[in-house]
Amino acid sequence: PGRIRLQYLAPERKELIYNKRTFWKYDVDENEVQVRYGVKRSQLGVAFQFLWGGANLSRTFRIREARPFAFGRKGDICLELVPRKRQPMFKKLYFAVKPGTFLIRETIYTDRAGNKNRFIFSKVRINSNIPARAFNFKPPAGATVTKLP
């Protein structure tokens with residue numbers, strides 16, 4: 001709980017890792033690492049809150065059923081979330097949720113410029129005895145490392 005590791009395969013390979021203290025962003029193709037120490041969960045932003053659960057999303061967003069479009073799988077629950085307060089990173093979020101388990105299968109966020117970013121979740125493991133060391137990161141040899149404030 002309270003840890004996350006995301007591995008993006010396309011269009012660029014990158015990893016995001018958070019272990020309750022430190023946040024790493026690793027650009028695999030460029031062999032560049034950005035690291036921020038002493039990060040609290042609340043500092044990661046509202047876009048991450050849905051991944052942990054426990055947050056009352058209806059306080060932060062206006063939620064409604066999304067209009068049908070090429071999103072999610074047949075039978076998924078599709079939702080549109082519009083932030084109640086202006087967010088710097090996004091204008092809207094969309095979720096495709098698996099009925100019954102309510103796991104998020106896909107999300108799309110629209111940024112302030114109108115660009116759409118689509119994330120399809122696969123091989124999701126939640127609280128399945130993943131060792132804490134899986135949420136640590138050691139920059140690879142030769143990587144450029146930038147410490148963020």
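## Exercises on a predicted model

Leu103 sits in the loop that runs between strand S7 (92-97) and strand S8 (104-110). The structure used in these exercises is a predicted model.

**Exercise 1. Classify Leu103 as buried, partly exposed or exposed, and find which surface patch contains Leu103.**

Step 1. The relative accessibility of Leu103 is 37%. Partly exposed residues lie between the limit for buried, under 20%, and the limit for exposed, over 50%, so Leu103 counts as partly exposed.

Step 2. On the surface, Leu103 joins Val124 and Ile126 in a nonpolar patch, and together these residues have about 250 Å² of accessible area.

**Exercise 2. Describe how S8 and strand S9 pair, and what lies in the turn between them.**

Step 1. Strand S9 covers residues 116-120, and its pairing with S8 is antiparallel, with five bridges. Within this pairing, Glu106 stands opposite Ile120 in S9.

Step 2. The two strands S8 and S9 make a hairpin in which five residues lie between them, and Gly114 in the turn has a positive phi of about 95°.

**Exercise 3. Asp111 is found in the loop between S8 and S9; determine whether Asp111 is buried or exposed, and which backbone nitrogens its side chain reaches.**

Step 1. Asp111 has a relative accessible area of 15%. Since buried means under 20%, Asp111 is buried.

Step 2. A polar atom of the Asp111 side chain lies 2.9 Å from the backbone nitrogen of Ala113, and the side chain of Asp111 also reaches the backbone nitrogen of Asn115, at 2.8 Å.

Step 3. When residues up to four places away in sequence are not counted, Asp111 touches Met89, Phe90, Lys91 and Asn117.

**Exercise 4. Follow the salt bridges of Glu80, and state which residues are linked in a network with Glu80.**

Step 1. Glu80 forms a salt bridge with Arg64, in which the closest N and O atoms are 2.6 Å apart. This pair links distant parts of the chain, with Glu80 in strand S6 (residues 77-83) and Arg64 in strand S5 (residues 61-65), 16 residues apart.

Step 2. Glu80 also forms a salt bridge with Lys92, where the closest N and O atoms are 3.5 Å apart. This pair, too, links distant parts of the chain, because Glu80 is in strand S6 and Lys92 is in strand S7, twelve residues apart.

Step 3. Taken together, Arg64, Glu80 and Lys92 are linked in a network of salt bridges.

Step 4. The partners can now be classified by their accessibility. Glu80 has a relative accessibility of 4% and therefore counts as buried, whereas Arg64, at 47%, counts as partly exposed, and Lys92, at 25%, counts as partly exposed as well.

**Exercise 5. How many salt bridges does a search of the whole structure find, and which residue meets Arg118 in one of them?**

Step 1. The search of the whole structure finds six salt bridges.

Step 2. In one of them, the side chain of Arg118 meets that of Glu106, with a distance of 2.5 Å from N to O. This pair links distant parts of the chain: Arg118 is in strand S9 and Glu106 is in strand S8, twelve residues apart.

Step 3. Arg118 has a relative accessible area of 48% and is therefore partly exposed, whereas Glu106, at 5% relative accessibility, counts as buried.

**Exercise 6. Thr107 is found in strand S8; determine whether Thr107 is buried or exposed, and which backbone oxygen its side chain reaches.**

Step 1. The relative accessible area of Thr107 is 5%, so Thr107 is buried.

Step 2. The side chain of Thr107 reaches the backbone oxygen of Tyr94 at a distance of 2.8 Å.

**Exercise 7. Glu32 lies in strand S4 (residues 32-37); describe its accessibility, its separation from Lys14 and its contacts.**

Step 1. At 40% relative accessibility, Glu32 counts as partly exposed.

Step 2. In sequence, Glu32 and Lys14 are 18 residues apart, while in space they are 9.5 Å apart, taken from C-alpha to C-alpha.

Step 3. Leaving out residues up to four places away in sequence, Glu32 touches Lys25, Tyr26, Asp27 and Thr144.

Note on methods
Residues are numbered from 1 along each chain as its sequence is written. This is a predicted model: local features need pLDDT of at least 70, side-chain atom pairs count only at pLDDT 80 or more; totals for chains, interfaces and linings use all residues. Side-chain values use heavy atoms; hydrogens and water are left out. Patches are made of residues with over 30% relative accessible area and no salt bridge: like charges are joined within 9 Å, nonpolar side chains (Val, Leu, Ile, Met, Phe, Trp, Tyr) within 5 Å. Accessible areas come from the Shrake-Rupley method with a 1.4 Å probe; for residues, only the protein chains shown count as cover. A salt bridge is a side-chain nitrogen of Lys or Arg within 4 Å of a carboxyl oxygen of Asp or Glu. Helices (H or I, at least four residues) and strands (E, at least two) are DSSP runs, numbered from the N terminus. Buried means under 20% relative accessible area, exposed over 50%, partly exposed in between (1.4 Å probe, protein chains only). Two strands pair if DSSP finds at least two bridges between them. A polar contact is a pair of N or O atoms within 3.5 Å; within protein, one must be able to donate a hydrogen and the other to accept it, and residues adjacent in sequence count only if both atoms are side-chain atoms. Contact means heavy atoms within 4.5 Å.
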